[in-house]
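Please open the model in your viewer and keep the sequence panel visible. The tour below goes from one selection to the next and says what is there.

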Amino acid sequence: MLLLNCVVVVLCFIFCRASQNDGVGCTFASSWLESVVLSMKLNKHGFHRDLVYEVRHEPTSHPVQALLLHKLPSGVYMDQYQLADLREEMGLQVLLNSALDLESPAHVSSSFSALVFLGPPEPLHAAVPVHGRYHKASSTGGWEQVIIKPPRLLLRLEHCDTLDHGLPHRVVDAPCTVQNQSFCSWLEIEGLKVPSVSLELPVGDSSLLIPKSAGSHFRGEKVKSCFRSGLLTSQVSWKFAEWSCTVLQF
């Protein structure tokens, strides 16, 4: 029995020391944290884009989980129904802080937050669809620039619900997974230099709007074309005040 106890103590010492040496256990080595890099970019063009996130770091013996806390402006939205489909089809893990009205224009919408969970395999990567909202028409039309600032980056080790304190970064509580059923301790990595990204969206010319009295003349007739933000569309509802609808003459 004494021999067995000695073996247990020796094995515990070996594994605990190994964990301390390579920065695992329930903490991160300060030198390892210096290797963490976050990048963000926008892919595609027009109103429908992909917001691409990537987290890179030096290898570790235990898998690392990343969580991006991203506050996005009212000029864009994420489609909760599309995200649910992508979770089923591709395993994309995004949690929104509230349900979003997908039809509202930017000037009557609010900012929102998205929680993007990134897990192994490496590198930690996700492409999240983001859509531009229509903006209120102006007297000159033109373009509206929507700036998306970088997210906050949280890290934890896959096997740890609670992180050890003592590192020069803040420990915060956040959902462990996209299911949002429990909270875990995450280490927020501060001081990362990540540039903002932006997209330019066309703005309608309000001088082209048809007055209500004139518009009523066309009710019941088929609208041949409608312009909003300089884009040609078809069969657009009259309820959008920013649209300029015209019956074409042949």
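In which strand is the place of G132? G132 belongs to strand β7; helices (H or I, at least four residues) and strands (E, at least two) are DSSP runs, numbered from the N terminus. Before going further, note that this is a predicted model, in which local features need pLDDT of at least 70 and side-chain atom pairs count only at pLDDT 80 or more, while totals for chains, interfaces and linings use all residues. Residues are numbered from 1 along each chain as its sequence is written, and side-chain values use heavy atoms, with hydrogens and water left out.

**Stop 1: around G132**

Select G132 and colour by accessibility. G132 has a relative accessible area of 10% and is therefore buried (buried means under 20% relative accessible area, exposed over 50%, partly exposed in between, with a 1.4 Å probe and protein chains only). Now show what is in contact with G132, contact meaning heavy atoms within 4.5 Å. Leaving aside neighbours within four places in sequence, the contacts of G132 are F47, G75, V76, Y77 and L201. For a distance label, pick the C-alpha atoms of G132 and S74: they are separated by 9.1 Å, with the two positions 58 residues apart along the chain.

**Stop 2: the ring pair at F47**

From G132, move to its contact F47 and add Y134. The structure holds 3 aromatic pairs. Rings of Phe, Tyr and Trp (its six-membered ring) pair if their centres lie within 6.5 Å; planes under 30 degrees apart count as stacked, over 60 as edge-to-face and the rest as tilted. Why is the pair of F47 and Y134 tilted? The planes are at 50 degrees, with the ring centres 5.1 Å apart, so the pair is tilted. F47 sits in the loop between β1 (37–43) and β2 (48–56), and Y134 in the loop between β7 (124–132) and β8 (142–148). The pair thus links distant parts of the chain, 87 residues apart. F47 is buried at a relative accessible area of 12%, whereas Y134, at 34%, is partly exposed.

**Stop 3: the hairpin of β1 and β2**

Select β1 and β2 and switch to cartoon. The two strands pair in the antiparallel sense over 7 bridges; two strands pair if DSSP finds at least two bridges between them. Add side chains on β1. In a regular strand the side chains alternate between the two faces of the sheet. In β1, L38, M40 and L42 point to one face and are buried, while V37, S39, K41 and N43 point to the other and are not. V37 stands opposite R56 of β2.

At the turn, the hairpin has 4 residues between the strands, and K44 takes a positive phi near 75 degrees. K44 also forms a salt bridge with D50, the closest N and O atoms being 3.3 Å apart. A salt bridge is a side-chain nitrogen of Lys or Arg within 4 Å of a carboxyl oxygen of Asp or Glu, and the structure holds 5 of them. Of the two partners, D50 counts as buried at 16% relative accessibility and K44 as exposed at 52%.

Next, select R56 with E54. Their salt bridge has its closest N and O atoms 2.7 Å apart. E54 is buried at 19%, and R56 is partly exposed at 46%.

Zoom out to the sheet. It is an open sheet of 4 strands in the order β1-β2-β7-β4, with antiparallel pairing. The edge strands, each pairing on one side only, are β1 and β4 (76–77).

**Stop 4: the other open sheet**

Select the strands in the order β5-β6-β3-β9-β11-β10: these 6 strands form an open sheet with antiparallel pairing. Its edge strands are β5 (94–96) and β10, each pairing on one side only. Within this sheet, 3 bridges join β9 (residues 152–157) to β11 in the antiparallel sense. The bridge partner of L153 in β11 is I189.

**Stop 5: charged groups**

Which residues are linked with R170 in a network of salt bridges? The network consists of R152, R170, E188 and E190. In one of its pairs, E190 and R170, the closest N and O atoms are 4.0 Å apart. E190 lies in the loop between β11 (183–189) and β12 (197–203) and R170 in strand β10 (residues 170–175), so the pair ties together parts that are 20 residues apart in sequence. E190 is partly exposed at 43%, and R170 is partly exposed at 42%.

Finally, select R156 and W186. R156 lies over the face of W186, at 5.2 Å from the ring centre; a charge sits over a ring if NZ of Lys or CZ of Arg is within 6 Å of the ring centre and within 35 degrees of the ring normal.
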